[in-house]
Every structure is written in structure tokens, then in C-alpha cells.
Amino acid sequence: MPEVYNWQLGRNMSYPYQAASPELQWAFVFNINRCIACQTCTFACKATWTFSKGQEYMWWNNVETKPYGGYPRFWDIKLLEILDKAHTSAGKDASWDTSQRNGTERPYGTYQGLTVFEGAQAEATPTEVALGYEPTDDEWAAPNLYEDTATGLTSKEGDTSLESTGLPEHKSWFFYLQRVCNHCSYPACLASCPRQAIYKRPQDGIVLIDQERCRGYRKCVSACPYKKTMYRPTTRVTEKCVACYPRIEGKDPLALGQPLETRCMAVCPGKIRIQGLVKKNLDGSWAEDRYNPIYFLVKVAKVALPLYPQFGTEPNGYYIPPRWAPKPYLRQMFGPGVDAAIERYIAPDRELLAVQQLFRATQQIIFQYEIIEGPKVFEAVVNGKNWEMFNDTVVGYGKDDQELVRLQVNEVQYTRPAERPNSI
Ligand code: SF4
Ligand code: SF4
Ligand code: SF4
């Protein structure tokens with residue numbers, strides 16, 4: 001089985017498919033702290049791609065409430081249980097060696113446990129390329145059961161306790177998890193397909209299913225640990241998020257030839273999303289691209305973390321974790337980078353604060369940014385340390401270096417003239 005380097009795990013791993021690295025990789029960052037669960041993203045995707053017969057229960061984008069919600073129901077709990085059993089059988093521990101942290105190459109240390117591929121190989125008689133399961137119809141039936149249901153302390157009456165919601169960590173808590181296909185670097189869906197119907201595009205790393213080749217065997221549905229391939233009974237083939245590839249190619253009528261962010265990214269009123277394309281080296285590692293906003297957030301500021309990196313597919317979706325949720329839960333979900341990411345997010349340096357203005361600032365994909373320094377406008381003590389805010393200007397540039405957006409950290413405020421009072 002070929003060995004590949006998975007930088008999220010900080011080590012080589014077995015991947016049952018000869019992987020070719022794309023030149024650019026489609027990637028995104030979601031800031032969980034800002035999501036209001038309005039589901040505008042979910043409906044933008046549905047209205048664009050999954051409004052036809054046989055797609056009624058198909059949500060390529062979904063937003064679920066953690067810890068109880070999931071689409072399909074309990075997808076991550078089931079996967080973690082399967083992986084846990086594999087570790088027990090193999091006598092291994094799913095731990096991280098964080099003493100091995102090393103800059104951008106191994107930012108979270110080294111994962112010492114089994115991935116879904118290695119777990120499948122460790123079985124006495126390996127039958128599948130990746131550990132997994134096929135959800136039941138019932139589990140696909142609702143995109144977000146348990147919405148806004150908190151866990152944690154309860155009051156004497158048995159209700160969720162309102163007294164336990166103080167920072168730094170709420171004792172009663174929930175948060176929203178926004179999910180689309182991660183267009184993984186080492187996709188389990190692709191590796192599992194006996195028809196070679198799934199492919200990863202060399203120009204942008206988008207993972208697609210060839211609808212002509214697919215025979216609906218659903219091996220990919222079972223193998224994708226994130227459950228982002230979905231079977232359509234009317235056509236008897238499997239479908240998945242297509243990363244809105246016509247927009248990435250600049251073929252949307254609005255795009256004027258320039259790459260646009262996907263539909264679910266571009267509509268987000270919470271401004272939690274930013275999507276881009278990162279440069280890759282031939283060995284699959286990220287090429288240094290210091291002023292690409294995604295590169296900065298993931299590799300330099302390290303505030304955005306992969307979802308369940310231990311699964312081993314090297315997902316290209318990254319999340320700024322919620323600052324109020326219990327750390328052990330978040331470490332299980334986003335790996336050992338959680339504590340440092342939250343610390344940096346709570347008291348961002350001036351570059352991070354400026355780059356955060358770029359989230360949902362334009363529909364066009366930002367390839368580079370520049371910061372023009374401004375004066376100090378505010379200071380405070382955050383977590384016992386002095387913190388300063390500067391009114392810097394951030395400029396975002398598109399594919400051909402054209403300026404797309406120019407924003408200040410200190411948001412401009414307009415005061416309505418007294419002669420035109422608010423009529424509401
Ligand atoms: S549109 Fe944005 S704020 Fe609304 S649910 Fe989706 S990610 Fe959250
Ligand atoms: S998230 Fe699942 S469907 Fe998407 S590329 Fe990764 S393995 Fe494939
Ligand atoms: S990227 Fe496009 S296809 Fe994928 S979930 Fe978002 S809107 Fe749907």
C-alpha cells in the first residue's frame with residue numbers, strides 16, 4: 001500500500017490509492033464562534049444543486065448542533081466508536097505526541113493512533129479499504145435534530161442551568177457545526193470506489209463522482225468518515241458536493257471569468273466563512289504562500305483546525321473552534337491544536353484581527369492580502385494580558401492581482417441625520 005505524508009497527522013500513513021497532489025487545493029475556514037444557525041448556506045446549496053426528485057433528504061451543506069445533532073444522525077459518534085474498537089483490537093492508543101510539534105510541517109505533533117485506512121488494514125481479514133458504515137434511511141431523514149439542545153449542568157427543576165454560561169468555559173453548552181464535503185487530500189470515498197468513478201481534479205483538488213461510471217454500490221457512502229456522499233434512489237447513483245466548480249472556474253455569469261466562492265460560502269450572513277485555493281507541493285504538503293488568507297489562518301496563526309484529523313483523510317475544511325465549549329470535547333473533534341487556537345482567537349494579534357475582516361467581504365476568491373498599518377484605537381486587559389487594537393486597513397487581491405476589497409478593522413459607523421429618524 002502506498003505511503004503518503006499527512007501533515008495533519010505529522011507522519012506518513014498508508015493510503016490505499018496512488019495519490020497525485022493537485023497544483024491548487026480548494027479549502028475553507030469556518031469560524032464556529034460566529035454561526036447563528038440560520039441555515040442560509042444549507043438552502044443556498046439545496047436551491048442550486050439538490051432540488052430534484054430523489055434528492056429530498058440530500059443536504060450537501062448542513063449545519064448541526066453539537067453535541068447531540070448530526071447528519072446523518074450520530075455520524076461522528078459511530079465513527080469514533082468504530083475507530084475505538086479497532087484500537088482496542090490492535091492494542092493501540094489513539095494519542096498524540098505533542099512534543100513533536102514542528103512549525104508548519106507538523107503543527108499539531110504526531111498522531112500515534114490508527115486512521116480509518118490503517119484500522120481497516122489492521123483487521124484480521126481486511127475486507128474494506130477504510131473503516132466505516134452505511135447509515136440507515138432513518139438516520140438521513142433530518143439534517144438537524146436536537147437543534148439548540150444544550151448539555152451540561154441542569155437546574156433543580158431539571159432545565160438547562162442558566163447560571164453556568166460564564167466564560168472562559170460554559171458548563172451548559174452547545175455549538176453549531178457547519179459541514180460540507182472536505183474535498184480531502186486522501187479521500188476515503190475515492191479510494192473505496194470499485195468502479196474508479198470518483199476522481200480528484202488536478203487543477204483545484206475538487207473531488208467529484210462521475211455519474212456515468214457510478215453504479216450505486218455505495219462503497220463510498222460507507223467509507224467517507226464525514227458521510228458526505230449520498231445515494232439517490234431515483235437515479236441509482238451516488239452524489240456529493242461538487243464544490244460549486246463552475247464558480248471556482250469563473251464560469252458563473254456573475255464571475256466575469258474570475259473564481260468565485262461557492263454558493264454556501266457566498267450567502268453566509270454570519271460572515272463565518274472564507275474559501276480559497278492553496279498552493280501545493282508535489283509531495284502533497286502546502287507550498288508557502290504567506291499572504292494567502294487560508295494559509296495564514298491555518299499555517300501561521302494556527303487558529304483554524306481540521307475536523308477529526310485522526311480519521312486520516314486530510315480534510316481541507318478548517319474550523320476556528322468555539323471558545324466556550326469544554327476543551328476535551330473540542331480536542332477530540334479538532335485535535336491537540338485547540339487550546340492554542342482559542343487562546344489566539346480570544347486576543348488576536350493585529351494581523352489576525354485584520355484578516356478576520358476578509359470573511360465574506362467579497363464573492364470573489366481572495367488569493368492574497370496586504371495590511372496597511374493604522375493608529376492604535378483601543379486597549380484592554382484580556383486574560384490578564386494587555387491587548388491593543390489598531391485601526392489597520394486590509395486589502396484583498398484576486399487571481400490576477402486586482403484589488404477586490406479594502407476594509408478597516410474599526411468598522412465605519414454612519415449616524416442617521418436627526419431630520420430623518422428611523423420610521424420603524
Ligand atoms: S449561513 Fe453562515 S451563519 Fe447561517 S447557518 Fe450557514 S454558516 Fe451559519
Ligand atoms: S469528505 Fe468524504 S466525500 Fe468528501 S472528499 Fe472526503 S472522503 Fe470524499
Ligand atoms: S460548495 Fe457548493 S455544492 Fe458544496 S455544499 Fe456548498 S453550495 Fe453545495
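Thr110 counts as buried, because its relative accessibility is 13% and the cut-off for burial lies at under 20%. The residue belongs to strand β6, which spans residues 110-111, in what is a predicted model. Leaving aside residues up to four places away in sequence, Thr110 touches Leu9, Gly10, Arg11, Ser95, Trp96, Asp97 and Gln100. Ser99, by contrast, is exposed, with a relative accessible area of 60%, and is found in the loop between β5 (96-97) and β6.

**Around β6**

- Ser99 and Gly109 are ten residues apart in sequence, while their C-alpha atoms are 6.4 Å apart in space.

**Surroundings of the three ligands**

- Ligand 1 has 14 residues around it, of which Cys35, Cys38, Gln39, Cys41 and Cys268 come nearest; by class, this shell consists of nine nonpolar, four polar and one charged residues.
- Ligand 2 is surrounded by Cys181, Asn182, His183, Cys184, Pro187, Ala188, Cys189, Val207, Cys224, Tyr226, Thr229 and Lys240, a shell that divides into eight nonpolar, three polar and one charged residues.
- Ligand 3 has around it Cys45, Trp49, Trp60, Asn61, Val180, Cys241, Val242, Ala243, Cys244, Thr262, Arg263 and Cys264, and these fall into nine nonpolar, two polar and one charged residues.
- Helices and strands can be set against these shells: α1 (40-49) and α7 (263-266) each supply at least two residues of the shell around ligand 3.

**The β12-β13 hairpin**

- Strand β12 (residues 229-232) pairs with strand β13 (residues 237-240) in the antiparallel sense, over four bridges, and within this pairing Met230 stands opposite Glu239 in β13.
- Four residues lie between the two strands of the hairpin, and Arg236 in the turn has a positive phi of about 60 degrees.
- Thr229 and Lys240 are both among the residues that surround ligand 2, and they belong to the ranges 229-232 of β12 and 237-240 of β13.

**The four-stranded sheet**

- An open sheet of four strands runs in the order β14-β3-β16-β15, and its pairing is mixed; β14 (273-279) and β15 (305-306) are the edge strands, each of which pairs on one side only.
- At one edge, β15 pairs with strand β16 (residues 317-320) in the antiparallel sense over two bridges, with Leu305 standing opposite Tyr319 in β16.

**Helix α9 and the nonpolar core**

- Helix α9 (residues 327-334) has as its buried residues Lys327, Tyr329, Leu330, Met333 and Phe334; these cover an arc of only 155 degrees around the axis, and therefore lie on the same side of α9.
- Just after α9, Gly335 takes a positive phi of about 85 degrees.
- The largest nonpolar core contains 116 residues, and those that touch the most other members are Val29, Phe175, Leu297 and Phe334.
- Phe334, not counting residues up to four places away in sequence, touches Ile32, Leu177, Leu305, Pro306, Leu307, Pro309, Tyr319, Pro321 and Pro322; Leu305 and Tyr319, included in that list, are the residues that stand opposite each other in the pairing of β15 with β16.

Methods: Residues are numbered from 1 along each chain as its sequence is written. Chains are lettered from A and ligands numbered from 1 in the order in which they are written. This is a predicted model: local features need pLDDT of at least 70, side-chain atom pairs count only at pLDDT 80 or more; totals for chains, interfaces and linings use all residues. Side-chain values use heavy atoms; hydrogens and water are left out. A residue is near a molecule or strand if one of its heavy atoms lies within 4 Å of it. Ala, Val, Leu, Ile, Met, Phe, Trp, Tyr, Cys and Pro count as nonpolar, Asp, Glu, Lys and Arg as charged, and the others, Gly among them, as polar. A nonpolar core is a set of buried Ala, Val, Leu, Ile, Met, Phe, Trp, Tyr and Cys residues joined through side-chain atoms within 4.5 Å. Buried means under 20% relative accessible area, exposed over 50%, partly exposed in between (1.4 Å probe, protein chains only). Contact means heavy atoms within 4.5 Å. Two strands pair if DSSP finds at least two bridges between them. The arc is that of the directions from the helix axis to the C-beta atoms.
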